[in-house]
Amino acid sequence: MHILLTGAGGQLGHAIQCIFSNHEIIAYDRQQLDITDLDAVRAAVATQAPDLALNAAAYNAVDQAERDPEAAYRANALGPRNLALVTAARGIPLLHISTNYVFDGLSRRPYHEFDPPHPQSVYGQSKLAGEEAVRALNPKHYIVRTSWVYHTHGKNFIQTMRALSQQPEVRVVSDQFGSPTYAPHLATALAQLVTTEAFGTYHMAGRGGTSRFDLIRTLYTLLGVRSQVKPVPSTAMPRLAQCPSYAVLTTLQEPSIHLPPWQDGLAQFVQSAL
Ligand SMILES: NC(=O)c1ccc[n+]([C@@H]2O[C@H](COP(=O)([O-])OP(=O)(O)OC[C@H]3O[C@@H](n4cnc5c(N)ncnc54)[C@H](OP(=O)(O)O)[C@@H]3O)[C@@H](O)[C@H]2O)c1
């Protein structure tokens, strides 16, 4: 398959370029293609005539989005809308990546694809607007929601905590739960999904759930570091955006494509990081 990838410079974009070895990837980072520029999107799709477009681009600065909603909506809603419009006009399927932030995080059980979205932050609202545009404009869509993505390439919570691992003590929030997702595992699942033509909305995240506190305790055990991990409530680490306290995702969708357990992703991350 000939695939046009946007957001190629990000964590997931990098993983896709490594993992999609059975496909030909035409990778565009932000400098090469800004998805908010409709004419540029049109030109890229016309030149490449791909079999599929895969959008891994996003404005992911969750707190900053509260200060600059327009920037979040441009990248997360207008950008996917441009891609959906242009690909639909040519009958090209579009795979778009979304997030657990479309949910309010008040659930007591893992979110599945048929749960109603109820975003509580500008980031979540802008990502939901992007999903809605893709659904409305291109019937041949795959929308894949994921959570807590990390990779050896790029900035993420795991990399931040790894950098702090030489300190005698670190404080980590213990009342936020999610499904940590190793980007290469997500890319492997996406490579499987794009061959199905089973269009729709999917949840794909590291299997199982954990708190940020247990995640970092497990990371430090795997790294063999002795730093004390101290559990604290989210109220001790206030943020500008309201982060969902519960971000565990599961899937009811067919075909059911499962990622490996989150512990396997973390172990592979540590292996490739050391
Ligand atoms: N990271 C997570 O924890 C997480 C969790 C749930 C869902 N997701 C979703 O997963 C997907 C991949 O995320 P990621 O972790 O790989 O994010 P990432 O590392 O931040 O990568 C996103 C990429 O998109 C680029 N970008 C931003 N605005 C753009 C635009 N207008 N046109 C083209 N490219 C643009 C960024 O470029 P610059 O760096 O130059 O701005 C960056 O290279 C996103 O849809 C995200 O919402 C991520």
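This report walks through the overall build of the chain, its core, its ligand shell and one of its sheets.

Keep in mind that everything here comes from a predicted model. The chain folds into nine helices and 13 strands. Its C-alpha atoms fit a box of roughly 55 × 35 × 35 Å along the principal axes. For 274 residues, a compact globule would have a radius of gyration near 19 Å, and the chain comes in at 18 Å, so the two agree. Buried residues account for 47% of the 274 residues. If you look at contacts with a separation of 6 or more, 80% of them join residues 24 or more positions apart.

Now for the inside. The largest nonpolar core holds 75 residues, and Leu 5, Leu 12, Ile 16 and Leu 186 have the most contacts inside it. Helix 4 supplies the largest share of this core, with seven residues.

Leu 12 is a good place to start looking around. Leaving aside residues up to four places away in sequence, Leu 12 touches Ala 56, Ile 97, Val 149, Ala 183, Leu 186 and Ala 187. Three of these partners, Ala 183, Leu 186 and Ala 187, turn up again among the buried residues of helix 7. That helix spans residues 183-193 and is mostly covered, with eight of its 11 residues buried. The rest of its buried set is Pro 184, His 185, Ala 189, Leu 190 and Leu 193.

Leu 12 also shows up at the ligand. In total, 27 residues surround the ligand, and the closest are Gly 10, Leu 12, Ala 57, Ala 58 and Thr 99. Helix 1 (11-19), helix 4 (69-89) and strand 4 (94-99) each give two or more residues to this shell. Helix 1 gives the most, with three residues. Here is how the shell splits by class:

| Class | Residues in the ligand shell |
|---|---|
| Nonpolar | 10 residues |
| Polar | 14 residues |
| Charged | three residues |

Finally, a look at one sheet. Strands in a sheet are held together by backbone hydrogen bonds, running either parallel or antiparallel. Here, an open sheet of three strands runs in the order 11-8-13, with mixed pairing. Strand 11 (210-211) and strand 13 (246-247) are the edge strands, each pairing on one side only. Strand 8, at residues 177-178, pairs with strand 11 in the antiparallel sense over two bridges. Within that pairing, Gly 178 sits opposite Thr 210 of strand 11.

Technical notes:
Residues are numbered from 1 along each chain as its sequence is written. This is a predicted model: local features need pLDDT of at least 70, side-chain atom pairs count only at pLDDT 80 or more; totals for chains, interfaces and linings use all residues. A residue is near a molecule or strand if its C-beta atom, placed from the backbone, lies within 6 Å of it. Helices (H or I, at least four residues) and strands (E, at least two) are DSSP runs, numbered from the N terminus. Ala, Val, Leu, Ile, Met, Phe, Trp, Tyr, Cys and Pro count as nonpolar, Asp, Glu, Lys and Arg as charged, and the others, Gly among them, as polar. A nonpolar core is a set of buried Ala, Val, Leu, Ile, Met, Phe, Trp, Tyr and Cys residues joined through C-beta atoms within 7 Å. A residue is buried if 20 or more other C-beta atoms lie within 10 Å of its own, exposed if 12 or fewer, and partly exposed in between; C-beta atoms are placed from the backbone. Two residues are in contact if their C-beta atoms, placed from the backbone, lie within 7 Å. Two strands pair if DSSP finds at least two bridges between them. The radius of gyration is taken over C-alpha atoms; the globule rule is 2.2 Å times the number of residues to the power 0.38.
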